[in-house]
Every structure is written in structure tokens, then in C-alpha cells.
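Visitor: Please show me the model, so that we may discuss its internal spaces.

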Amino acid sequence: MEFNNSANPVHKAPIAAKDGWQWQDRYSFRELKHIFSVVIFFMMVSHAIAYDPLDPTGNITIKWDVVSWTPDGYVALVTMNNFQMYRHIMTPGWTLSWSWAKKEVIWSMVGAQTTEQGDCSKFKGNIPHCCKKTPTVVDLLPGVPYNQQIANCCKAGVVAAWGQDPAGSVSSFQVSVGQAGTSNKTVKLPKNFTLLGPGPGYTCGPAKIVPSTIYLTPDHRRKTQAMRGFKAMGSLKFKGNNTYMMTWNVTCTYSQFLASKNPTCCVSFSTFYNDTMTPCPSCACGCRNKNMCIPSDSKKLKGLKNKQRDNTPLLQCTHHMCPIRVHWHVKLNYKDYWRVKIAITNFNYRMNYTQWTLVAQHPNLNNVTQVFSFDYKPLVPYESINDTGMFYGMKFYNDLLVEAGEHGNVQSEVLLQKNKDTFTFKHGWAFPRKVYFNGDECRLPPPDTYPFLPNSAHANLFAFPAMAVPLLLMILYTIW
């Protein structure tokens with residue numbers, strides 16, 4: 001065997017030959033280093049792609065509870081819990097699909113429906129609700145007949161964020177499954193779950209059997225459990241009830257990278273101590289053809305009100321081309337407090353944002369004194385750090401951010417108490433570190449473009465008027 005002493009040594013692999021074994025070049029160290037780096041990168045991305053540092057445990061959990069058996073299957077209560085602090089599912093709502101493990105069919109549903117029935121021609125008489133191998137389920141609209149409703153259903157698929165409205169963060173429906181077996185040995189868990197909320201971005205894991213759910217009767221005096229199959233009375237000895245309990249969970253996590261290749265919002269800054277406004281970065285949400293947007297003074301806007309709405313965005317022509325702009329204005333400075341004005345503007349002519357949320361990260365959010373026109377809730381993903389807060393609209397007042405136009409904005413002011421050890425207007429300290437709208441991170445301007453203090457400004461701008469008065473008197477005295 002020979003060794004290659006060149007600068008780029010080569011690994012050789014033995015191959016069979018007529019006169020024995022020969023060595024064939026396979027990979028150089030440089031190639032192996034490159035391959036190893038790529039593998040490590042994708043391993044890191046695959047673990048971090050759905051991780052949100054401001055909501056590290058946020059997810060949507062879909063729970064299946066087998067509540068009763070039928071002659072050829074079971075009845076399950078499916079509950080969707082949104083455990084995300086500030087990311088909700090807005091109109092047109094969620095869409096859930098999965099693949100059956102065997103040849104199951106859906107006999108009936110309450111509180112939801114499949115979008116297609118599929119080929120049920122082999123059934124005579126009693127026709128299933130859906131015969132597709134991969135059914136797609138959507139929520140029912142509000143106002144459906146009472147006999148088609150169950151608790152937490154029929155909200156057009158809108159599910160609130162858990163941090164904003166815990167009672168509204170649940171959606172449920174009931175499904176009767178046939179040709180599925182009637183025991184824990186014959187029932188197979190569905191697979192390949194897909195959740196749209198309402199667009200892409202969610203990745204669902206496999207179904208996993210978990211401890212059964214405990215239900216309370218309406219009077220809260222009796223507990224019942226989901227069923228898990230019958231024990232064979234002749235083969236096993238048992239005490240008490242003759243049923244196991246069966247529940248399985250599916251966990252879905254969100255990734256902004258999967259939802260959109262570009263950001264969906266941007267941030268601009270301004271202050272009282274500098275006349276320069278820092279706008280959103282150009283093409284912050286991707287550069288688009290001018291034919292795909294409408295100027296704010298276009299005559300075409302009048303005709304849009306009469307056209308049918310869809311989910312295709314129609315943006316106002318701007319330099320940033322974002323559907324949403326968040327403006328952070330440092331408004332006033334007091335001795336012990338300072339005030340910020342926050343304005344959210346909608347540039348999408350085809351979208352009303354219901355139950356919107358705005359999350360900001362700033363070190364002084366640990367001492368919020370008053371929020372004037374928004375509801376506010378501190379977020380503490382890490383117990384030792386309290387620098388993140390969620391703003392959202394007051395119900396029936398400004399919880400709806402309407403389409404682009406004269407009324408397409410909401411705004412509020414925030415009064416914060418100073419911490420004398422950390423407060424400063426220098427080096428952009430007064431501006432947020434991160435901003436999220438509806439759970440998606442917004443594009444911030446580059447730090448070197450932030451409004452800066454004038455060179456002659458004192459570190460504490462509140463003290464400037466007090467210094468100016470004696471200085472002015474001295475000048476007047478000298479001239480006199």
C-alpha cells in the first residue's frame with residue numbers, strides 16, 4: 001500500500017481485481033470536510049427550524065379520544081389545542097388532513113366536515129360521509145343547526161392564541177370511523193397528519209398513544225375516561241370496569257421559514273429628539289413587480305370593494321412591499337418615565353386581521369406602567385428574564401385591523417418607568433430588539449440607520465431645558 005503525501009491526501013477503498021486487490025480513490029479530506037459541514041448544518045436547521053425563542057414550548061396539539069365503540073369501528077372526539085402564546089389561526093381557518101392506516105371510512109361527523117366525499121360506490125344503502133384514503137377536514141361555519149354542533153366547534157376554523165384568549169384557543173369535532181376494528185389490537189392510528197393554519201408553516205409529528213383524557217360530567221361530580229378497547233372476559237382476569245382507555249396525540253409546530261420565504265412585516269423608527277425617520281428597509285418583504293401592487297391614489301381601489309374577496313394578497317405599492325408595518329416612535333421623556341407610541345398599519349387591500357397580536361422584546365418591558373389603547377400581557381418564557389410583552393386589541397374596540405386604507409391602522413401609547421441603572425437614549429437602546437406580528441418575526445432596520453442623539457445632546461434630555469435657562473440669561477446679561 002502506498003501513501004499519498006500531497007497537500008490533499010486521498011482516502012482509497014479496496015476493490016476486487018484479477019490480480020488481487022487494488023485501491024480506488026474515493027473522497028479527499030477536503031471533500032469529506034465539506035460533506036460533514038453540510039450534514040451538520042442540516043442537522044442544526046432541522047432542530048431549530050420550528051423553534052421560537054420567545055415561545056419555546058408553543059405548539060398545536062391534536063388529541064383523539066375514543067369515546068365509544070360502534071359495530072365496525074369507534075367514535076372519537078378530536079380536540080385541537082393551540083398552546084402557542086401569540087400565534088393564532090385566523091380566517092379562513094384551519095384545515096386538517098391525515099392518511100388512514102387501513103381501509104377506514106368516515107360514517108359521520110359533528111362539528112366539522114370533509115371537503116370531499118370520495119368514491120363510496122361500493123356501499124349500498126347507508127353511504128359514508130367520506131371514503132377517501134386521505135380525508136381533508138374543515139371546521140363548520142357559525143350558525144349551523146344545533147344538531148350539527150358540539151362544544152368548541154363551528155367557528156369557521158378560527159382559533160385564538162392561548163396567551164391571548166385561553167377559552168378561544170380550542171377547536172373540536174366528533175368523527176365516527178368505520179372499518180377500523182373494535183379493540184386496541186385492531187385499531188390503527190392515523191398517520192401523515194397535515195395542518196394548514198390557514199396557510200403552510202406547520203409540521204406535524206406522528207400520532208402517539210398517551211394517558212387517556214379525564215372528562216367531567218356537566219355537574220362536575222363524576223369523572224369518565226376515553227375507551228381503549230375491550231378485554232376478553234375469558235382470557236384475562238380484571239377488576240372493575242371491562243374497558244381500557246385510549247387517547248393519542250399529534251403535535252404540530254410552526255416554522256416561519258416553511259410558511260413564507262420572505263418576512264410578512266417590517267418595522268420603522270422615529271424619535272422626538274431627531275427629525276430623521278428610519279423607514280422599513282427597501283424590499284423588506286421581497287421585491288415584487290409593480291403590476292402586483294396598487295398605488296394608494298389609484299382609481300382601481302373603488303372597484304375593489306365590489307369584488308369578491310379571496311386570500312390572494314393585494315398590496316399597496318410601497319418601498320418595503322410588506323403587508324404590515326409596525327412603527328415605534330419614542331414620543332416623550334420625563335424625569336422618571338418615558339413614553340412610546342406604537343402604530344400598526346395594514347397595506348393589504350384584501351385582508352382584515354382579526355384577533356391580531358404584536359410581540360415586542362425590549363429590556364424596559366419589565367416595568368410597564370400603563371398601556372393606553374391596547375391590552376397587554378407580559379411573556380416570560382424564561383423565569384429570570386422579563387423583557388418580552390404581547391400587545392393585542394381590546395375586544396369590540398380595536399381587535400380588528402381592517403384592510404388597507406383610511407382606517408387600516410391601530411395605535412396605542414405605552415408609558416414605561418425608567419431604571420436609572422440601564423436607561424439611555426444612546427446607541428439605539430430605546431428601540432425593540434425583536435418585533436413579531438401574528439407570530440411572524442418582522443424585519444428591523446439596520447442598526448446603523450437608527451435615529452441618533454444630536455452630538456450636543458446631554459445623556460439625559462430631560463435636563464436640557466434646565467441648563468438652557470441659565471445659559472440664555474447669561475447671554476442676555478452679557479449683551480446688556
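Visitor: How many cavities of 30 Å³ or more does a search of the whole structure find?

Guide: This is a predicted model, in which local features need pLDDT of at least 70 and side-chain atom pairs count only at pLDDT 80 or more, while totals for chains, interfaces and linings use all residues. Residues are numbered from 1 along each chain as its sequence is written, and side-chain values use heavy atoms, without hydrogens and water. On a 1 Å grid over the protein atoms alone, a cavity is a set of points where a 1.4 Å probe fits but cannot get out, and lining residues have an atom within 4 Å of a point. At that 30 Å³ threshold, the search of the whole structure yields one cavity.

Visitor: Which strands each supply at least two residues of the lining of the largest cavity?

Guide: The volume of the largest cavity, meaning the space filled by probe spheres set on the points, is about 40 Å³. Its lining consists of V267, V326, W328, I342, L358, A360, P432 and V435. With strands taken as DSSP runs (E, at least two residues) numbered from the N terminus, those supplying at least two lining residues each are β19 (324-333) and β22 (357-361).

Visitor: Is N346 buried or exposed?

Guide: N346 belongs to strand β20 (residues 337-346). A polar atom of its side chain lies 2.8 Å from the backbone oxygen of M351. Because its relative accessible area is 2%, under the 20% limit (1.4 Å probe, protein chains only; exposed is over 50%, partly exposed in between), N346 is buried.

Technical notes:
Helix = DSSP H or I, 4+ residues; strand = E, 2+ residues; numbered from the N terminus. Polar contact = N/O pair within 3.5 Å; in protein donor to acceptor, adjacent residues only side chain to side chain. 1 Å grid on protein atoms, 1.4 Å probe; cavity = no way out; pocket = protein on both sides within 12 Å on 5 of 7 lines; lining within 4 Å.
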